[in-house]
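Here are my notes on this one, in the order I'd go through them with the viewer open. Have a look at the model first, then read on.

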Amino acid sequence: MELAKGGGVRWALPVVYACCCLVFLLNLSSNNGVEASHNVFMHLQSLSALNVRKEHRTGYHFQPTKHWINDPNGPMYFNGVYHLFYQYNPKGAVWGNIVWAHSVSKDLINWEKVEHAIFPSKPFDKYGCWSGSATVLPGNKPVILYTGIVDDKNTQVQNYAVPANLSDPYLREWIKPDNNPLIVSDPSINGTFFRDPTTAWLGKDGHWRITIGGRRNHRGISYLYRSRDFVHWVKAKHALHTSAGTGNWECPDFFPVSVSGTNGLDTSVVGPNVKHVLKVSLDATRFEYYTLGSYEKDRYTPDPDMIDGWNGLRYDYGNFYASKSFFDPSKNRRILWGWANESDSTDKDIKKGWAGVQLIPRTLTLDPSGKQLLQWPVEEVETLRKKKVELSNKILNKGETVEIKGITAAQSDVDVTFSFGSLDKAEPFDPSWDRYDAQKLCSQKGSTVEGGLGPFGILTLASQNLEEYTPVFFRVFKDQDKYQVLMCSDASRSSVSVDKTKMDDGKDAYRPSFAGFVNVDLNEKKLSLRSLIDNSVVESFGAGGKTCITSRVYPALALHGNAHLYAFNNGSETVKIDSLNAWSMSKPVKMNH
């Protein structure tokens with residue numbers, strides 16, 4: 001690398017390079033269409049929002065003032081400032097015209113919009129500037145790496161950009177040097193499935209490494225590249241990891257976690273007290289699945305008890321995709337960003353003038369069992385807590401509900417611990433059920449279906465007479481010599497509005513019964529639940545963050561002051577609310593205005 005001559009602190013990497021995670025979310029089909037997470041509406045891509053509807057806009061989640069966003073890109077902490085880049089359509093409320101928008105913060109809560117960092121302008125990104133990441137190189141020099149699209153066949157290359165002025169605390173302007181692209185696919189790689197390079201890590205041999213997502217036939221693959229000088233990159237003979245039958249891998253994320261504490265680790269840390277995490281975004285299913293394992297001799301090997309495929313562990317069992325983590329050296333923690341798409345109809349997205357939010361950033365730590373990660377909202381979100389209500393030692397018999405009054409139920413933070421006297425009434429787990437399809441089980445065993453131990457939990461964004469509500473709840477099953485805990489966030493009753501699209505190529509509202517199983521010890525006969533409720537978002541964390549589920553919902557009655565919050569029990573086993581703390585949540589002072 002070299003410093004560019006002339007005024008300012010401009011610098012460039014000569015030749016081919018690609019690091020930084022491409023947190024991307026497009027599923028490109030053979031006919032150049034876009035599937036799953038966002039559809040292509042050419043006639044709507046540049047239809048600017050004249051009026052932005054407020055009824056379902058979030059109060060304290062990250063979103064721009066209008067139009068479409070998707071993947072979080074290149075999050076980093078640099079010189080006292082948090083940076084978040086994100087895929088953004090400045091011209092409309094559907095996917096298209098994508099640029100790298102850029103916002104900065106001192107506290108992860110209040111965000112100030114600055115100039116767009118990257119947009120199509122050169123031959124190496126003429127057809128698109130897709131997702132990426134940021135790496136801070138020695139000498140305190142940040143670099144963005146992103147995937148550029150070079151032709152109408154969606155051929156993907158890896159490019160870099162650097163700050164124009166390192167003395168600018170907000171890094172407002174970025175330069176894309178002309179020696180891009182840094183990495184191009186070789187003949188062994190499908191260049192239309194070659195994207196999302198990770199943040200780089202430095203090996204003990206002094207070589208940098210990155211991994212890039214892709215596929216070979218139906219096998220997901222994470223390609224490995226090495227460089228001594230962060231300039232000349234060579235593809236390793238073997239991949240970092242592959243898994244058969246998983247399809248295309250997007251947004252890979254590879255990082256270490258400590259086995260002996262809760263502090264986060266820099267991406268380059270290795271050693272005996274470290275496990276590694278490999279997360280990929282599954283193009284075919286839209287799951288964010290991960291494994292824990294070991295990293296030796298440039299190969300990643302999942303632990304023997306890990307499920308390495310579609311049935312594996314997920315960050316979130318709901319509306320959560322294209323995630324990207326980063327190490328925050330200011331508080332020695334690893335922070336995870338994830339995107340939640342709209343699940344409203346396309347028609348509603350256009351009418352309301354906006355689509356997509358970034359979820360509350362989460363800290364990532366290793367569960368003491370060593371078998372999964374724990375996620376929890378960053379502590380900074382607690383600064384938004386205002387009026388508080390408490391409830392304790394409240395008995396809930398079968399069929400009972402209790403309203404949690406005194407807070408703004410539409411915009412709140414709720415933390416509750418339930419207990420029960422016995423496990424004897426847990427329903428038997430039918431051997432014919434698919435133990436890897438919690439969502440199907442939740443759709444059959446919803447919150448109104450009476451059970452033994454459960455369902456019990458909370459009814460969020462509820463109308464006064466319960467015409468609509470989004471329940472978040474547990475149900476316990478007896479499975480031979482152990483117990484299975486089902487956690488659900490069920491949007492099927494979230495709105496009385498039918499919300500069918502009237503567009504020929506549009507999509508209807510999607511209201512699934514999201515669910516996951518919770519790997520928790522029930523010896524103490526307790527289960528905890530925390531939910532961040534924000535008008536059209538319900539983020540829930542079961543058992544201290546062992547299982548997380550995000551739902552997007554659009555109530556027609558339970559809006560703003562008309563929203564209610566209840567705790568309930570529809571199981572024959574009596575449940576007690578040991579403690580419940582709930583807060584009204586205020587808005588940040590700044591949110592991208």
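1. Start at a turn. β10 and β11 make a hairpin with six residues between them, and N154 in that turn has a positive phi of about 65°. Strands here are DSSP runs (E, at least two residues) and helices likewise (H or I, at least four), numbered from the N terminus. Before going further, the ground rules: this is a predicted model, where local features need pLDDT of at least 70 and side-chain atom pairs count only at pLDDT 80 or more, while totals for chains, interfaces and linings use all residues. Residues are numbered from 1 along each chain as its sequence is written, and side-chain values use heavy atoms, with hydrogens and water left out.

2. Now the pairing around that hairpin. β10 and β11 (residues 156-163) run antiparallel and are joined by six bridges; two strands count as paired if DSSP finds at least two bridges between them. Y146 has N159 as its bridge partner in β11. β10 also pairs with β9 (residues 128-137), again in the antiparallel sense, over eight bridges, with T135 bridged to V143 in β10. β9 and β10 form a hairpin as well, with three residues between them, and G139 in its turn has a positive phi of about 90°.

3. How covered is β10? Strand β10 spans residues 141-149, and nine of its nine residues are buried (under 20% relative accessible area with a 1.4 Å probe, protein chains only; exposed is over 50%, partly exposed in between). Both faces are covered: K141, V143, L145, T147 and I149 are buried on one side, and P142, I144, Y146 and G148 on the other.

4. A charged-residue name to check: D349, in helix α1 (residues 346-352). D349 counts as buried because its relative accessibility is 5%. Leaving out residues up to four places away in sequence, D349 touches A93, E342, D344, W354, A355 and K507, where contact means heavy atoms within 4.5 Å.

5. Cysteines next. With a disulfide taken as a pair of cysteine sulfur atoms within 2.5 Å, the count comes to one. The pair is C442 and C488, with sulfur atoms 2.4 Å apart. This disulfide links distant parts of the chain, 46 residues apart: C442 sits in helix α2 (residues 438-444) and C488 in strand β36 (residues 482-490). Both C442 and C488 are buried. C548 is in no disulfide, and the nearest cysteine sulfur, that of C488, is 15 Å away. C548 is buried too, at 1% relative accessible area.

6. On packing: the largest nonpolar core has 42 residues, of which F456, F474, L527, L565 and I577 touch the most other members. A nonpolar core is a set of buried Ala, Val, Leu, Ile, Met, Phe, Trp, Tyr and Cys residues joined through side-chain atoms within 4.5 Å. Another core of 19 residues lies apart from it, with V162, I183, I221 and Y225 among them.

7. Last, empty space. There are two cavities of 30 Å³ or more, and the largest holds about 60 Å³. Its lining includes Y60, H61, W111, W337 and M591. A cavity is a set of points on a 1 Å grid over the protein atoms alone where a 1.4 Å probe fits but cannot get out, and lining residues have an atom within 4 Å of a point. Points are joined across faces, edges and corners, and the volume is the space filled by probe spheres set on them.

Terms used
On a 1 Å grid over the protein atoms alone, a cavity is a set of points where a 1.4 Å probe fits but cannot get out, and a pocket is an open set with protein on both sides within 12 Å along at least five of seven lines; lining residues have an atom within 4 Å of a point.
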